[in-house]
Amino acid sequence: MADAFRVERPLAFGTLGRLAAGDWRFFDHLGSKTFTARKYDQVIAWFSTNWPAAATWPDGVARPEGVEP
């Protein structure tokens with residue numbers, strides 16, 4: 001998801017992690033640390049709200065209802 005977002009908005013992973021998860025190391029830690037369902041919902045909601053209009057939302061990732069782009 002982060003890679004698809006960065007195609008249209010080329011931000012560093014640290015910047016994207018800070019914006020989406022409130023933690024600049026968030027994407028660096030994926031796969032080596034766990035995170036809560038609440039954090040997942042927070043990050044997906046942020047992506048949904050900030051998703052670039054020109055980008056296609058990734059297949060296989062449910063877009064939250066009630067979150068306006």
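These legends accompany a set of close-up views of one predicted model.

**View 1. The largest nonpolar core draws on four helices.** Here we look at the 15 residues of the largest nonpolar core. Phe 5, Leu 16, Phe 27, Val 43, Trp 46, Phe 47 and Trp 51 are the members that touch the most others. At least two core residues come from each of helix H1 (2-8), helix H2 (13-21), helix H3 (26-29) and helix H4 (37-50). H4 gives the largest share, with 4 residues. As background, nonpolar side chains tend to be buried together in soluble globular proteins.

**View 2. Helix H4 and what covers its buried residues.** Which residues of H4 are buried? They are Val 43, Ile 44, Trp 46, Phe 47 and Ser 48. Among these, Val 43, Trp 46 and Phe 47 also belong to the core members that touch the most others. The cover over the buried residues of H4 includes H1, H2 and H3. When you follow a helix like this by eye, it helps to remember that an α-helix has 3.6 residues a turn, so residues three or four places apart point the same way. The length of H4 fits too: its 14 residues should span 20 Å at 1.5 Å a residue, and the end C-alpha atoms are 20 Å apart, so the two values agree.

**View 3. Trp 51 and its contacts from elsewhere in the sequence.** Neighbours within four places in sequence are set aside here. On one side of the sequence, Trp 51 is in contact with Met 1, Ala 4 and Phe 5. Its other contacts in this view are Thr 56, Trp 57, Pro 58 and Arg 63. Phe 5 and Trp 51 are both among the core members that touch the most others.

**View 4. A nonpolar patch on the surface.** Leu 30, Phe 35 and Tyr 40 make up this patch, and together they have about 280 Å² of accessible area. Leu 30 sits in the loop between H3 and H4. Is Leu 30 buried, partly exposed or exposed? Its relative accessibility is 40%, so Leu 30 counts as partly exposed.

**View 5. The salt bridge between Asp 23 and Arg 25.** The structure holds 1 salt bridge. Asp 23 pairs with Arg 25, and their closest N and O atoms are 3.5 Å apart. In general, side chains of opposite charge can pair when their charged atoms come close. Asp 23 has a relative accessible area of 26%, so this residue is partly exposed. Arg 25 is partly exposed as well, at 40%.

**View 6. Three exposed residues, Asp 3, Pro 10 and Ala 53.** Asp 3 lies in helix H1 and is exposed, with a relative accessible area of 52%. Its C-alpha atom is separated by 18 Å from that of Gly 22, 19 residues apart along the chain. Pro 10 is found in the loop between H1 and H2, and its relative accessible area of 70% makes it exposed. From Pro 10 to Trp 24 is 14 residues in sequence and 15 Å in space, C-alpha to C-alpha. Ala 53 belongs to the segment after H4; with 83% relative accessibility, Ala 53 counts as exposed. The C-alpha atoms of Ala 53 and Asp 23 are separated by 25 Å, with the two residues 30 apart along the chain.

Definitions and conventions. Residues are numbered from 1 along each chain as its sequence is written. This is a predicted model: local features need pLDDT of at least 70, side-chain atom pairs count only at pLDDT 80 or more; totals for chains, interfaces and linings use all residues. Side-chain values use heavy atoms; hydrogens and water are left out. A nonpolar core is a set of buried Ala, Val, Leu, Ile, Met, Phe, Trp, Tyr and Cys residues joined through side-chain atoms within 4.5 Å. Buried means under 20% relative accessible area, exposed over 50%, partly exposed in between (1.4 Å probe, protein chains only). Contact means heavy atoms within 4.5 Å. Patches are made of residues with over 30% relative accessible area and no salt bridge: like charges are joined within 9 Å, nonpolar side chains (Val, Leu, Ile, Met, Phe, Trp, Tyr) within 5 Å. Accessible areas come from the Shrake-Rupley method with a 1.4 Å probe; for residues, only the protein chains shown count as cover. A salt bridge is a side-chain nitrogen of Lys or Arg within 4 Å of a carboxyl oxygen of Asp or Glu. The expected span of a helix is 1.5 Å times one less than its number of residues.
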